[in-house]
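Please walk me through this structure, with attention to its charged side chains, its buried helices and its pockets. An explanation in running paragraphs will do.

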Amino acid sequence: MNKITKLLIANRGEIAIRVMRTARTMGINTVAVYSQADRDALFVGVADEAICIGGSHPAESYLDQDKIIAAAKQTGANAIHPGYGFLSENASFAQRCADEGIIFVGPSAAAIQQLGPKIGAKELMQKAGVPVVPGYNGSDQNFETFQKEAAKIGYPVLLKASAGGGGKGMRIVNSEAELEAAFNTATREAEKGFGSGVLLMEKYFPKAKHIEFQIFGDTHGNYVHLFERECSLQRRYQKVIEESPSPSISAATRQQMGDAAVAAARAVQYTNAGTVEFLYSPADASFYFLEVNTRLQVEHPVTEEVTGLDLVRLQLEVAQGLPLNIGDVTTTGHAIECRICAEDAENNFFPDTGEILLYKEPTLKGLRFDSGVQTGSKVDVFYDSMLAKVIA
């Protein structure tokens, strides 16, 4: 066992506080790193230690690997939890931690590398026998090739940036007349957002559901799933409401999807927490692999509520080399999560900034709040607009 004695959280806001909460119950001291914009943020005061690592822009702080590694060495932290976002799915950072003798609380650099690019991940899943969405993911990126392949797949189709997510470089195309303009726009967005204009194309299912399975693996060859979450309620390709179990699938489909998720984990000898995302078509109960998120998810609390497990504790235990010791996991009841974001409701709910004049959590039995703000907190333009999550 490689014991974690001090944990640096390379993140901010509610996720940093969430990780600190579990670390404290395990007797692990915590270190917060913060940018100049976050100097007075709530998470900074919650940590046992805190160190400023640079400017307000993420590139000057939370995305600067050198500064984060230096902070770990300066404070004597022998482990780093990346949270989600920022460096959480960065293979080079995971490898850098390994090279520096620092425990990375997440999957191996090799697994992140294999599952990061959507095209490569899709090919890997095909070999593992996991159903994938019909489409084109070839190296020939000429428009004429996409035109021919779209005709084979049948409209509507979906163009996606291979290197990205969050809706950037993504376009729904309903007919051949729309394809060229959408292809050009998606390519530009992908190049600007992710440094690569490589696209893939998939069959688009207008009424599909977004179902994801929580997976876990350890260094002893154990691979499990902890059931599903439905994340179909989205706005601008961003999740808004998540729940578990999914109200859309049958017990038989749940079994099939769970088996496929475990097969995906086993295919890359996955360690720690991850999520296998599927597209589910209610019309014929078919499902298809979308991608693997090689990190803890924003919506992990709904899985915790129905399974009774602490996923961050499992992450920290697996990172120390301990085997998964959770037995046969079952679910009880139903959980739902709503993201609370700083938004302008009168401007199409676009992200907004400013000072929080009053923040108060209702004291209702059965409600859980994962929050990173308090009265007086500043919402800056530099970071995500999510302030808190309410789970019931």
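Which residues are linked with E304 in a network of salt bridges? The network joins R18, R21, E304, E305, D310, R368 and D370. The model is a predicted one, and what follows is computed from its atoms.

One of the pairs is E304 with R368, whose closest N and O atoms are 2.9 Å apart. E304 belongs to helix α10 and R368 to strand β19 (residues 368-371), so this salt bridge ties together parts of the chain that are 64 residues apart in sequence. Both partners are buried, E304 as well as R368.

The helix that carries E304 is itself mostly covered, as seven of the eight residues of α10 are buried. These are H300, P301, V302, T303, E304, V306 and T307. After α10 comes G308, which has a positive phi, near 80 degrees.

D310, another member of the salt-bridge network, also has a part in the next helix. D310 caps the N-terminal end of α11, with a side-chain oxygen 3.0 Å from the backbone nitrogen of V312. Seven of the nine residues of α11 are buried, so this helix is largely enclosed by the rest of the structure. The buried residues of α11 are L311, V312, L314, Q315, L316, V318 and A319. The residue G321 follows α11 and has a positive phi, near 95 degrees.

T22 leads from α11 back to the N-terminal part of the chain. T22 lies in helix α1 (residues 13-25). Its relative accessibility is 2%, and therefore T22 counts as buried. Leaving aside residues up to four places away in sequence, T22 touches D310, V312, R313 and L316. D310 is thus a contact of T22, the capping residue of α11 and a member of the network. The side chain of T22 also makes a polar contact, at 2.7 Å, with the side chain of R18, and R18 is itself in the salt-bridge network.

How many salt bridges does a search of the whole structure find? The search finds 27. Side chains of opposite charge can pair when their charged atoms come close. Two further examples can be set beside the pair of E304 and R368.

In one of them, the side chains of R295 and E89 meet with an N to O distance of 2.9 Å. This pair links distant parts of the chain, 206 residues apart: R295 is in the loop between β14 (286-293) and α10 (300-307), and E89 is in the loop between β4 (79-81) and α4 (91-99). The two partners are unlike in their exposure. R295 has a relative accessibility of 17% and so counts as buried, while E89, at 33%, counts as partly exposed.

In the other, E212 and R229 form a salt bridge through their side chains, again described by an N to O distance of 2.9 Å. E212 is in strand β10 (residues 209-217) and R229 in strand β11 (residues 223-235), 17 residues apart. Both E212 and R229 are buried.

Helix α11 appears again in the lining of a pocket. The second largest pocket has a volume of about 230 Å³. It is lined by 17 residues, and those closest to its centre are F104, G106, P107, S108 and T271. α4, β5 (103-104) and α11 (311-319) each supply at least two residues of this lining, and α4 gives the most, with four. By class, the lining of the second largest pocket holds 10 nonpolar, seven polar and no charged residues.

Two other sites remain. Is S162 buried or exposed? S162 has a relative accessible area of 6% and is therefore buried. Its place is in the loop between β7 (157-161) and β8 (171-173). Not counting residues up to four places away in sequence, S162 touches G116, P117, K118, I119, V198, L199 and L200.

Q74 is found in helix α3 (residues 65-75). With a relative accessibility of 63%, Q74 counts as exposed. Between the C-alpha atoms of Q74 and R171 the separation is 46 Å, and these two residues are 97 apart along the chain.

Notes: Residues numbered from 1 in each chain as written. Predicted model: local features only at pLDDT ≥ 70, side-chain atom pairs only at ≥ 80, totals over all residues. Heavy atoms only, no water. Salt bridge = Lys/Arg side-chain N within 4 Å of Asp/Glu carboxyl O. Buried < 20%, exposed > 50% of the residue type's maximum accessible area, 1.4 Å probe, protein only. Polar contact = N/O pair within 3.5 Å; in protein donor to acceptor, adjacent residues only side chain to side chain. Contact = heavy atoms within 4.5 Å. 1 Å grid on protein atoms, 1.4 Å probe; cavity = no way out; pocket = protein on both sides within 12 Å on 5 of 7 lines; lining within 4 Å. Points joined across faces, edges and corners; volume = space filled by probe spheres on them. Nonpolar A, V, L, I, M, F, W, Y, C, P; charged D, E, K, R; others polar.
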